[in-house]
Amino acid sequence: MSTKNNKSEQDTENNTPHRSKPFTAITVLLGGTIVLVLGLILSITFGAANINMKTVWTGVFQFDPELTSHQIIQELRLPRALAAALVGAFLAVSGAIMQGMTRNPLASPSIMGVTAGSAFMIAIAFAFFPGTSYVGLMMWSFVGAGLGAGLVFMIGSLSKSGLTPVKLALAGAAVTALLQSISSAIAIHFHVAQDITFWYAGGVAGARWFSVQLMIPVAIVGITLAIIISRSITVLSLGEDVAKGLGQRTRYVKIIGTVVVLLLTGAAVSVAGTVGFIGLVIPHITRFLVGVDYRWIIPCAAVLGAVLLVLADLGARMVNPPYETPVGAITALIGVPFFLYLARREGRGL
């Protein structure tokens, strides 16, 4: 029996590298990082006030508080660009972990009710606990992320034929609609609609240095944990029976993975509101590029997610200047057709 298990484990170890693309993954990491840096520079440069590249350089590295352009760079655009990169990375990594743990190609924070749950609890905080600090809002967001995910899996598990990808997506859509409706009712009744609108529109226009400072420790803890369990998620994505046969403690992997998803998504929603589809699209693109090894998928997804949201935020400012289009609308233009394609492909599992 031991020999058989060892042989299976060796087969899995031998097969995994063939299904991953380390050289491509390194290229994606390096190329994505370069594109991200360029995107951050463009994000700081373009806006309601035109600022040239030389001013951006001096505003970042030779800050003069007497210059208005330097104040705009340091107090508004730089924290906004960094917040967009962190939020994009958080949502992409969360989506990758969810898809790997559940083996569900439709899993993502926005579709599985996680972001809607976070926004719902933030609405509760605005209505019943006015004056809640930013840290407090982040805590409410974490709780809401867990609430949304729990409701989706509870409703999905009521199906007699089990949890298929499309049924989970339908349960997520139902829970998202329910929580958004209740949030709207709360906003109207307690006159906090203006505050709630920001969270549902999605965007990083309100991000400041305090937001970035709170997100950095979350990034360190969350992404580090994600990388630590990345090999286990690779094995788990082959099937729970296979993972258990290889001695994998699937329960602990799922617990840690769930904590990471709630941590990253909760932080992202508390800063940017309900920005959808990044957690759906980026993991699929990443797997297509680098293969199925999550040791490469997670860091590459983080970089590509950061690139996507930084560019989406830049696009939101350029669609109808000097007004801003909600970032959630930009990401939806990409995500909705992709979601429909995946739902159509997975429809046979109904």
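Visitor: How many helices and how many strands are there in the protein?
Guide: Happy to start there, and please keep in mind that this is a predicted model. The protein has no strands at all to count, as their number is zero. The number of helices is 15.

Visitor: What is the radius of gyration of the protein, and what would a compact globule have?
Guide: Let's begin with the yardstick: for 350 residues, a compact globule would come out near 20 Å. The value for this protein agrees with that. Its radius of gyration is 21 Å.

Visitor: What does the C-alpha trace span along its principal axes?
Guide: Here we take one number for each principal axis of the protein. Together they read about 75 × 50 × 35 Å.

Visitor: What percentage of the residues count as buried?
Guide: A residue counts as buried when its relative accessible area is under 20%. We apply that to the 350 residues of the protein. The share that counts as buried is 50%.

Visitor: Which kind of aromatic pair do tryptophan 57 and phenylalanine 61 form: stacked, edge-to-face or tilted?
Guide: The count of aromatic pairs is four. In the pair of tryptophan 57 and phenylalanine 61, the centres are 4.5 Å apart and the planes meet at 45°. Planes under 30 degrees apart would be stacked and those over 60 edge-to-face, so with 45° this pair is tilted.

Visitor: Where do tryptophan 57 and phenylalanine 61 lie, and are they buried or exposed?
Guide: Both belong to helix α3 (residues 53-61), four residues apart, which is about one turn of the helix. Exposed means a relative accessible area over 50%. Tryptophan 57 has 54% and phenylalanine 61 has 56%, so both are exposed.

Visitor: Where is histidine 191 found, and what is its phi?
Guide: Histidine 191 sits in the loop between α7 (165-189) and α8 (193-201). Most residues other than glycine have a negative phi. Histidine 191 is not a glycine, yet its phi is positive, at about 55°.

Visitor: Which loop holds arginine 103?
Guide: Arginine 103 also catches the eye through its backbone, with a positive phi near 55° in a residue other than glycine. Its loop runs between α4 (68-102) and α5 (114-128).

Visitor: How many nonpolar, polar and charged residues line the largest cavity?
Guide: The structure holds one cavity of 30 Å³ or more, and the largest has about 30 Å³ of space. Its lining includes Leu91, Pro109, Thr115 and Phe277. Sorted by kind, the lining residues are five nonpolar, five polar and no charged.

Definitions and conventions
Residues numbered from 1 in each chain as written. Predicted model: local features only at pLDDT ≥ 70, side-chain atom pairs only at ≥ 80, totals over all residues. Heavy atoms only, no water. Helix = DSSP H or I, 4+ residues; strand = E, 2+ residues; numbered from the N terminus. Phe/Tyr/Trp six-rings, centres within 6.5 Å; stacked < 30°, edge-to-face > 60°. Buried < 20%, exposed > 50% of the residue type's maximum accessible area, 1.4 Å probe, protein only. 1 Å grid on protein atoms, 1.4 Å probe; cavity = no way out; pocket = protein on both sides within 12 Å on 5 of 7 lines; lining within 4 Å. Points joined across faces, edges and corners; volume = space filled by probe spheres on them. Nonpolar A, V, L, I, M, F, W, Y, C, P; charged D, E, K, R; others polar. Rg over C-alpha atoms; globule rule 2.2 N^0.38 Å.
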